[in-house]
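Welcome! Open your viewer, get ready to select residues, and follow along stop by stop.

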Amino acid sequence: MPRYDFRCRACGATFELSRPMAEANDPATCPQGHPDTVKLLSTVAVTGGAAGSSAPAPSGGGGGCCGGGCCG
């Protein structure tokens with residue numbers, strides 16, 4: 001189940017809720033009981049080769065300020 005981050009406008013608390021995607025934009029109450037919250041924008045970091053592109057990795061010869069090997 002996806003997790004969503006929220007911030008309370010009353011007390012500034014940041015908290016996380018797990019809920020179905022169909023309820024992603026439903027109102028949330030902060031742990032202190034304040035109803036005025038806002039859903040935060042989440043970012044997803046993708047690292048490693050599993051989700052990478054199929055482009056070949058660069059090979060040797062680089063360097064210098066322009067990457068062409070002419071300056072170094």
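Before setting off, keep one cut-off in mind: a salt bridge needs a side-chain nitrogen of Lys or Arg within 4 Å of a carboxyl oxygen of Asp or Glu. Remember too that this is a predicted model.

**Stop one: Arg-19.** Select Arg-19, which you will find in the loop between E2 and E3. Which side chain of opposite charge is nearest to Arg-19? It is Glu-23, 4.8 Å away. Arg-19 has no salt bridge, because 4.8 Å is not within 4 Å. Arg-19 is nevertheless buried. Now add Pro-27 to your selection: its backbone oxygen lies 3.4 Å from a polar atom of the Arg-19 side chain.

**Stop two: the sheet.** Switch to a cartoon view and look for an open sheet of three strands, with antiparallel pairing and the order E2-E1-E3. At the edges are strand E2 (14–18) and strand E3 (37–39), each pairing on one side only. From one strand to the next, the twist averages 35 degrees. Next, colour strand E1, residues 3–8. Three bridges join E1 to E3, and the two run antiparallel. One residue to pick out here is Phe-6, whose bridge partner in E3 is Lys-39.

**Stop three: the aromatic pair.** Keep Phe-6 selected and add Phe-15. How are the rings of Phe-6 and Phe-15 arranged? They are stacked, 5.6 Å centre to centre, with 15 degrees between the planes. A search of the whole structure finds one aromatic pair. Turn on the surface to finish: Phe-6 counts as buried at 3% relative accessibility, and Phe-15 is buried with a relative accessible area of 9%.

Terms used:
Residues numbered from 1 in each chain as written. Predicted model: local features only at pLDDT ≥ 70, side-chain atom pairs only at ≥ 80, totals over all residues. Heavy atoms only, no water. Phe/Tyr/Trp six-rings, centres within 6.5 Å; stacked < 30°, edge-to-face > 60°. Buried < 20%, exposed > 50% of the residue type's maximum accessible area, 1.4 Å probe, protein only. Pairing = 2+ DSSP bridges. Helix = DSSP H or I, 4+ residues; strand = E, 2+ residues; numbered from the N terminus. Axes fitted to C-alpha atoms, helices over the stretch in contact; angles between N-to-C directions. Lys, Arg positive; Asp, Glu negative; His and termini not counted. Polar contact = N/O pair within 3.5 Å; in protein donor to acceptor, adjacent residues only side chain to side chain.
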